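Here's a quick briefing on the structure below. Have it open while you read, and we'll go topic by topic.

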Amino acid sequence: MTLRHAFSQVVRPRLVQFALAPSSPHPLGAFRIGVALILLAQTWMLSDSALALFGSKGLIQWAISEPMAAPWLPRVGTLAPVLQRFGLSADECVYGVGVLYVLSLVGLLLGWRTRLSAFVAWLTHTTLINSGGMFAYGVEIFAHISLAYCVIMPVGSAFSLDVKAGRESDAPSPLATLALRVLQFHLCLVYLSTGVEKALGQQWQDGEALWKALMQPLYGQFDFAWMASVPLLTKLVTWSTLVIEIGYPLFVWPRQTRLLWVALTLGLHLGIGLLMGLWLFSGIMAVLTFSVFGFAPLYQAWLTGREVLARSKPAIIA
């Protein structure tokens, strides 16, 4: 058997099966709901600071922020002069974009006209971030990517009003499988590259990175000065982080270790939230890992449990 023949007869069918065999869209629905909830929570947390972050006379005024913004992307500073012709002030423009963003996120959460809601959410999120990009951090990058995925992927095919209205089908499909594989590979690449980059740094090798992160006034939630006297503990926790991130693409695929690695990754982000206060970043990363790797086996186990319970009911009554 030649190499070409072996590929066409063995490898290619397995690749097609892996990438395109029809599967349930429910993990994508969980991904959509999780992303929408995290971004709605973020909006609620920042609602009192909207003008300070994005207003013309905010902490960083438009005269300074406008030249630093991406010129090919929409921003509030270019939208405001247009709306002022209709009697709206610059502040009202900021609030208008914010309200539209919230409404689109609610539509995304409920799965109402999902692609349209996702596109409007992505566009308004782009506008706000391009207007106040100096205040953005990791959560904004993953939020932006996630919203873009919600536009092009069939995330409205499960747990949505679109399904109830008959606009979408929750039947297994090849497109759902392909979308899920894209998300899975993307996450593996993110964790692997992040872990390798950290491992190459001297501070992560000697454990100092963790101690410095916990002691920063901006992020530190508790006093961890005592850890300076137990360097072995800081090394252990730091290296454990590297193991989880670098081992992610190796152990999150096999069924035997998948749920374990999902639990370890969720624990990692819970720790980041508790110890550094980065709840939004931790939340969206937890949503990504749980929805694309952890949701399917747990949801299947729940459905199986319901079936077993339903079959056992007549016997219990008898």
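A quick term first: helices here are DSSP runs of H or I at least four residues long, and strands are runs of E of at least two, numbered from the N terminus. With that in hand, residues 284-303 come out as 100% helix and 0% strand, with end C-alpha atoms 26 Å apart. Keep in mind that this is a predicted model.

**Membrane annotation**
- An unreviewed UniProt entry puts the feature "transmembrane region" at residues 30-54, 93-112, 141-163, 224-247, 259-278 and 284-303.
- Take 93-112 as one of these spans: the chain there is 90% helix and 0% strand, and its end C-alpha atoms sit 25 Å apart.

**Two domains and what joins them**
- The domain assignment splits the chain into domain 1 (23-172) and domain 2 (176-307), and their C-alpha centres are 26 Å apart.
- On the contact side, 24 residues of domain 1 touch 20 residues of domain 2.
- The two domains bury about 2,000 Å² between them, with carbon and sulfur atoms giving 83% of that area.
- P27, I38 and F142 stand out here: they supply 27% of the area that domain 1 buries against domain 2, more than any other three residues.

**The largest pocket**
- This pocket holds about 900 Å³ of space.
- It has 36 lining residues, and those closest to its centre are K198, W204, T241, I272 and M276.
- Helices giving at least two residues each to the lining are α8 (138-152), α10 (174-199), α11 (202-205), α12 (208-215), α13 (231-251), α14 (255-276) and α15 (279-317).
- By residue type, the pocket lining breaks down into 23 nonpolar, 10 polar and three charged.
- Where does the pocket sit relative to the domains? Domain 1 and domain 2 both give residues to its lining, so the pocket lies between them.

**The cavity**
- There is one cavity of 30 Å³ or more, and the space in this largest cavity is about 70 Å³.
- Its lining is made up of F142, I145, S146, Y149, L183, H186, L187, V190 and L288, with α8 and α10 being the elements that give two or more residues.
- Seven of the cavity's lining residues are nonpolar, two are polar and none is charged.
- Both domains give residues to this lining too, so the largest cavity lies between domain 1 and domain 2.
- F142 turns up twice in this story: it lines the largest cavity, and it is one of the three residues behind that 27% of domain 1's buried area.

Methods:
Residues numbered from 1 in each chain as written. Predicted model: local features only at pLDDT ≥ 70, side-chain atom pairs only at ≥ 80, totals over all residues. Heavy atoms only, no water. 1 Å grid on protein atoms, 1.4 Å probe; cavity = no way out; pocket = protein on both sides within 12 Å on 5 of 7 lines; lining within 4 Å. Points joined across faces, edges and corners; volume = space filled by probe spheres on them. Nonpolar A, V, L, I, M, F, W, Y, C, P; charged D, E, K, R; others polar. Domains from an automatic or database assignment. UniProt positions renumbered as here; feature names shortened; annotations may be inferred. Contact = heavy atoms within 4.5 Å. Buried area = accessible area lost by both parts, 1.4 Å probe.
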